[in-house]
Amino acid sequence: MHSQIYGLIHLLTSALHEQVTMGVLVQIASAAAAQLHSDQDKGDGSLKYILSGDGAGDLFIINENTGDIQATKRLDREEKPVYILRAQAINRRTGRPVEPESEFIIKIHDINDNEPMFTKDVYNASIPEMSDVGTFVVQVTATDADDPTYGNSAKVVYSILQGQPYFSVESETGIIKTALLNMDRENRDQYQVVIQAKDMGGQMGGLSGTTTVNITLTDVNDNPPRFPQSTYQFRTPESMPPDSPIGRIKANDADVDENAEIEYSITEGDGYDVFGITTDKDTQEGILTVKKALDFENKNLYILKVEATNTHVDPRFLYLGPFKDSATVRIQVEDVDEPPVFSRPAYIMEVKEDVPMNTVIGTVTAQDPDAAKNPVKYSVDRHTDMDRVFNINSGNGSIFTSKPLDRETLLWHNITVIAAEINNPKQSSRVPVFIKVLDVNDNAPEFAMFYETFVCENAKAEQLIQTLSAVDKDDSHSGHQFSFSLAPEAASSSNFTLQDNRDNTAGIFTRKNRYNRHEMSTYFLPVVISDNDYPIQSSTETVTIRVCACDHRGKMLSCNAEALIHPTGLSTGALIAILLCIIILLVTVVLFAALRRQRKKEPLIISKEDIRDNIVSYNDEGGGEEDTQAFDIGTLRNPEAIDDNKLRRDIVPETLFMPRRTATARDNTDVRDFINQRLKENDTDPTAPPYDSLATYAYEGNGSVAESLSSLESMTTDGDQDYDYLSDWGPRFKKLADMYGAMDSDKDS
């Protein structure tokens with residue numbers, strides 16, 4: 001019987017529905033039994049039933065007397081689907097089990113208590129506008145925590161609650177697709193779709209959850225640019241410089257971003273080459289600009305055809321038409337008062353350098369381009385012609401010379417001519433005029449350098465001693481050709497001959513053998529140089545020839561006059577430089593000695609910190625009693641100092657007096673009396689300097705045991721002094737007392 005009960009309890013299992021109400025009896029022994037029972041139970045209360053395992057004592061409790069098992073809390077299969085419990089009957093008195101421990105399993109059956117949950121609260125998706133029907137948008141997913149193997153509690157079905165007829169959802173997969181053709185972003189670009197997920201296969205009584213899907217239509221280039229008006233009007237002054245903007249036009253495009261980018265161009269019109277158009281990338285506007293200078297008098301109205309084209313065209317939408325548009329632009333040129341305009345941008349003129357003054361060399365022409373044709377006056381910008389070499393007729397613009405010209409001085413003259421309206425001088429313009437001075441043969445040729453040569457005393461006849469060359473400041477188109485000859489006065493009597501080499505050079509040769517420097521030390525040979533231009537110009541140059549002593553090889557040794565080539569040694573310039581250096585050195589030494597002598601004069605007062613009695617020398621004449629800048633002279637005034645017997649300070653006294661020792665100040669002497677006494681003594685002192693001076697004194701005051709320590713009052717000899725009192729001053733003066741005491745001992749001995 002015992003083993004049969006054990007086996008029954010051990011094998012029995014129980015199945016409970018989740019969320020069973022608290023207090024429901026869990027039947028274990030049989031389907032009809034409501035308690036755990038042992039054959040050893042006599043009903044006398046001697047046995048006790050205990051329960052252990054999953055949830056024992058917390059979720060499940062057992063009546064220890066009857067064996068009834070109850071659930072204390074609501075059960076949730078999603079938290080724990082199976083519980084394993086162990087039960088045992090023990091003797092209440094001994095505590096020993098009367099039955100082996102039995103194990104039983106409690107399985108929780110699922111019920112539909114969880115609604116489907118989406119993986120996201122909000123989904124965001126986007127698709128291009130104008131998409132075909134059935135285009136995939138996004139897939140939503142919902143999960144159900146119920147047991148998918150038990151009934152239809154976890155079977156989820158999707159449906160759309162909001163968003164029709166634009167979108168649809170597949171019931172089993174949750175895939176959202178487009179349901180309407182040609183959805184246009186320009187009409188509506190945002191859609192909010194609500195999707196429901198319901199369990200129990202969507203049947204009545206099933207639980208459900210929802211989510212929101214935000215769908216955005218992205219732009220495609222399905223709209224061509226369009227001008228809001230067919231004709232545009234602009235006005236611009238004729239003075240507008242090139243590359244200047246004159247106006248803006250804009251074609252509207254309903255698309256956005258790169259699909260709305262527009263490129264503007266001028267396709268037709270009579271101002272195709274006069275105006276241009278560019279695109280402002282920020283505003284997508286077309287900017288009309290001037291490419292060439294405008295002229296109201298020449299043309300005052302331009303008509304252009306401007307085209308706006310999308311830069312990014314989608315071939316799928318070409319069937320909608322050309323993605324471009326055109327408009328007409330009328331540009332009216334306004335007249336402005338313009339400055340005169342010269343007939344040329346620059347003028348080049350030529351004039352010969354020998355023309356007389358007031359000769360007209362050329363004419364400039366300018367006229368007012370306006371319809372009024374105001375008269376023009378001309379002038380020369382004097383900043384470009386500071387020497388006033390040229391002038392201009394203010395009425396007709398003819399330029400003439402006002403000073404002589406010289407090509408050799410200045411070949412080109414670059415001046416600026418100003419043309420201004422007579423009625424409005426502010427309207428003016430300038431033009432450069434380049435004037436080239438043409439050469440005429442007005443300069444005679446001359447030696448290329450100064451020639452000074454020598455001839456040896458032992459020279460032989462027909463000996464070359466110098467080669468000559470010439471230059472000419474004038475310009476020659478065919479090249480210069482010079483001819484050389486001796487001056488007529490020297491041709492027959494000269495001791496030298498001249499040979500023209502016909503290559504613009506000539507040679508000087510000796511005419512005789514031997515020359516004597518004592519008879520003639522220097523020869524001056526006149527040479528005539530002529531050119532072959534018209535008119536022929538010639539000049540007479542002189543060659544200096546010195547007679548010198550030479551060796552047998554013709555090398556010069558010495559000349560009776562200053563040698564052409566100085567021998568090795570110091571030149572005159574070097575000697576002068578050395579002499580100047582010596583003079584500067586001597587002056588420096590003298591100045592240095594004077595400064596050293598002046599520094600040896602030391603002042604009477606070396607330092608301002610010197611507190612001894614001193615006489616301060618100012619080295620200048622003071623201001624007398626009115627000189628109160630350095631000290632308060634009031635404290636030094638003393639009527640008693642007037643003494644008829646006072647010696648003069650401006651002359652040397654007849655008898656020299658030795659400096660007198662001043663008397664020691666009396667005890668309890670007032671400071672004022674002390675100063676008056678010292679002032680009187682200094683006024684009567686014949687050794688005082690003959691100018692105003694400042695005397696300072698040191699006064700210790702009354703009650704000093706040591707009396708005054710001033711050196712001025714220490715005129716007595718060491719033998720008159722008694723230094724015994726130093727021993728009474730304490731240990732600080734001991735060394736001084738010992739020193740002076742030792743000196744007295746030495747004298748006594």
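1. The secondary structure of the protein chain consists of 5 helices and 43 strands, taken as DSSP runs (H or I, at least four residues, for helices; E, at least two, for strands) and numbered from the N terminus. The model is predicted, with local features requiring pLDDT of at least 70 and side-chain atom pairs pLDDT 80 or more, while totals for chains, interfaces and linings use all residues. Residues are numbered from 1 along each chain as its sequence is written, and side-chain values use heavy atoms, without hydrogens and water.

2. Of the 749 residues in the protein chain, 34% are buried, that is, under 20% relative accessible area (exposed is over 50%, partly exposed in between; 1.4 Å probe, protein chains only).

3. The largest nonpolar core has 27 residues; such a core is a set of buried Ala, Val, Leu, Ile, Met, Phe, Trp, Tyr and Cys residues joined through side-chain atoms within 4.5 Å. Strand S40 (538-550) is among the strands that each supply at least two residues of this core, and S40 gives the most, with 5 residues.

4. The structure holds 19 salt bridges, each a side-chain nitrogen of Lys or Arg within 4 Å of a carboxyl oxygen of Asp or Glu. One of them joins Asp219 and Arg185 (3.0 Å, N to O). These two residues lie in loops, 34 residues apart, and both are buried.

5. Arg248 and Glu285 also form a salt bridge, with the closest N and O atoms 2.7 Å apart. Arg248 lies in strand S18 and Glu285 in strand S21, so the pair ties together parts 37 residues apart in sequence. Arg248 is partly exposed, at 43% relative accessibility.
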